[in-house]
Amino acid sequence: MIVRILVVTGLLTVFSSCLHAEQPSWVTLLDGKTPPPASPAGGLPIGPKTVSFENGLLHITDPSREPGSVLMYRVYWHADPRDSTECEGRLKLITASEGPAGMCMDVADGLHEEILSFYPDHIGLWYAKLDYPMNTTDDLHTYRVRISDTDIEVFVDDKLAIDGKGKFSSPAEGGRNEVEFGAGASFASGEALWQTFRFQRRRPMPQKIDVPQIPGLSVRMKDTVVIQPNATYPAVFQFADGRITVGGGSYERDKGYWSADGGHTWKEGPPGPNNASIELRKGEVVSLGFWTKKRGDGKYSLDQKRSLDNWKTVNNGTSIVGVPRSVPCGGDGAETNDGFLMDHGLIRLKNGDLMATMYGNYEGDHSAPADFPESFHFYRYRTIVAFSSDKGKTWGSPVTVAYDADPSLTQEGFDEGALARAPNGDILCVMRSGGSFGKHTPVYLCRSRDEGRSWSKPEPIADRGVWPNLCVMKCGVIVCTYGRPDNYLIFSTNNGKTWKGSFCFYRGRTSSYNSITGVGRDTILVVYDREAEDDKGLPRREIVGTFFTVKKR
């Protein structure tokens, strides 16, 4: 599998893969004098044994065929499929295994993609199945790739070597529009000296988001502000006094970003509360961790942070969680967890107790998704709620919100539940059911009319969604954000009984771990991460917030 994730710094523009009318300009990423301005993406450790620069040459070495062993430099070039676009690399191959992308140049124009792979005795277009015999190890050679519509040409030292007229036809993965070079395949190995790499780039076109006409509602997309550069997976918390804090990485953070003006401006500060957090009375804030650890008495411990002065000072502690039927559960990263996981749903009940969502497995939950590797030991999740009557110090009395072994309903089971109290007093729980390995399944909703002691049958409200989040606005509208792929909003004006107006507000690479917070009677701030790029086309992730006005008509 070719991995395509890169983190760099620089001035950024949010991009779209729309068609462009302008002519491209050449951009040099590797000039033979200095190292590239970014590190390669991939699972191999970056160091002298894998990537080095000496005497004007970039030495890339990928000796591994293990999963994730990739070292690829990636840029966005916004190629126009209707026009010609070129890239050029000068390199000397040292060695490469058989198979695609052990050492390569990879091009995609939003519609099609192709891999030019280098081997000791030839070069080849992998998808087009076209080869050119040559000695790639005797000296530095210049390789230029030109694409236009469904045509692809490869030049070696300015001589046409491969004429792929009509052969540039393999679909672009995820509609990507980018060019890469380096060691690009987990299952292949390669080593080469690269002297230069340049490419033609068009300026990105701003995304055009169409907010649909929604019966009974007027929804307007407003400004977007950058909150935290070089970050993803935002944790968001709003205090009762209106302060908002955001931090990337969800649980392990060394800093946060704070706003005192409704999210319009942000300043760096200490890390704020985690995702599962709640403000109690008199400045007391409880913030729960994610992973539970099995204790000797059969219960579980859970990291906890607590502040008694509105987060001016914070004390670390431990909660005790009792879920008697809990067993170890797998994860989408092949990890094994001791027990149920505490997610981001946490509310106060009418009697003052707290209720939080968790997900994991009970004894007998043995429904395994077909698209998870057997080595993951992954079984479809069960979502439960647990209760606390002592301000989050202990948790217990678990109640199942949703579980179903039917493979036609979910990919992963029910997990990542969010909670909100509807205007009529019902408690709503929205849950993820898929999103791993490129597959998406619906967001489901369950309802409780008795403070979480029983729940309705899960009903789908959207066609996809990891980590869904809810916001009940002061005007009575309930907003849900979800995504993967892309990011979406959907609305309810009848206490979550029906949903309408779903639309995509961001297209592109994102974790889709979005949050919503109200910043006015008719205004919400949606916080999410996105990918942007600098003036060389180098991408990075950043956490941003977009304002929306939502009014009843």
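This is a walk through a predicted model, from overall build to single residues.

Start with the whole chain. The protein has 42 strands and zero helices. Its radius of gyration is 26 Å, close to the 24 Å that the globule rule gives for 553 residues, so the protein is as compact as a globular protein of that length. The C-alpha trace spans about 80 × 55 × 45 Å along its principal axes.

Next, burial and surface. Of the 553 residues, 58% are buried. The protein exposes about 22,700 Å². Carbon and sulfur atoms supply 50% of that area. Contacts also reach along the sequence. Take those between residues at least 6 apart: 61% of them join residues at least 24 apart.

Now the interior. In soluble globular proteins, nonpolar side chains tend to be buried together. Here, the largest nonpolar core holds 42 residues. Within this core, Met105, Trp194 and Phe197 touch the most other members. Another core, of 21 residues, lies apart from it. Ile209, Leu217, Val219 and Ile516 are among the members of that second core.

Turn to strand S4, residues 57-62. Five of its six residues are buried, so S4 is largely enclosed by the rest of the structure. What pairs with S4? Strand S3, residues 51-54, does so in the antiparallel sense, over four bridges. Ser52 has His59 of S4 as its bridge partner. S3 and S4 form a hairpin, with two residues between them. In the turn, Asn55 has a positive phi of about 55°.

S4 also pairs with strand S15, residues 190-201. This pairing is antiparallel too, and it runs over five bridges. Here Ile60 has Ala192 of S15 as its bridge partner. Trp194 and Phe197, named above for their core contacts, fall within the residue range of S15.

Finish with one residue, Thr85. Thr85 sits in strand S6, residues 84-96. Is Thr85 buried or exposed? Its relative accessibility is 0%, so Thr85 counts as buried; the cut-off is under 20%. The side chain of Thr85 makes a polar contact of 2.8 Å with the side chain of Arg202. Leaving out residues up to four places away in sequence, Thr85 touches Trp77, Ala79, Asp80, Val145, Arg146, Ile147, Gln200 and Arg202. One of these, Gln200, lies within the range of S15. Arg202 thus appears twice around Thr85: in the list of touching residues and as the polar partner.

Notes. Residues are numbered from 1 along each chain as its sequence is written. This is a predicted model: local features need pLDDT of at least 70, side-chain atom pairs count only at pLDDT 80 or more; totals for chains, interfaces and linings use all residues. Side-chain values use heavy atoms; hydrogens and water are left out. Buried means under 20% relative accessible area, exposed over 50%, partly exposed in between (1.4 Å probe, protein chains only). A polar contact is a pair of N or O atoms within 3.5 Å; within protein, one must be able to donate a hydrogen and the other to accept it, and residues adjacent in sequence count only if both atoms are side-chain atoms. Contact means heavy atoms within 4.5 Å. A nonpolar core is a set of buried Ala, Val, Leu, Ile, Met, Phe, Trp, Tyr and Cys residues joined through side-chain atoms within 4.5 Å. The radius of gyration is taken over C-alpha atoms; the globule rule is 2.2 Å times the number of residues to the power 0.38. Accessible areas come from the Shrake-Rupley method with a 1.4 Å probe; for residues, only the protein chains shown count as cover. Two strands pair if DSSP finds at least two bridges between them.
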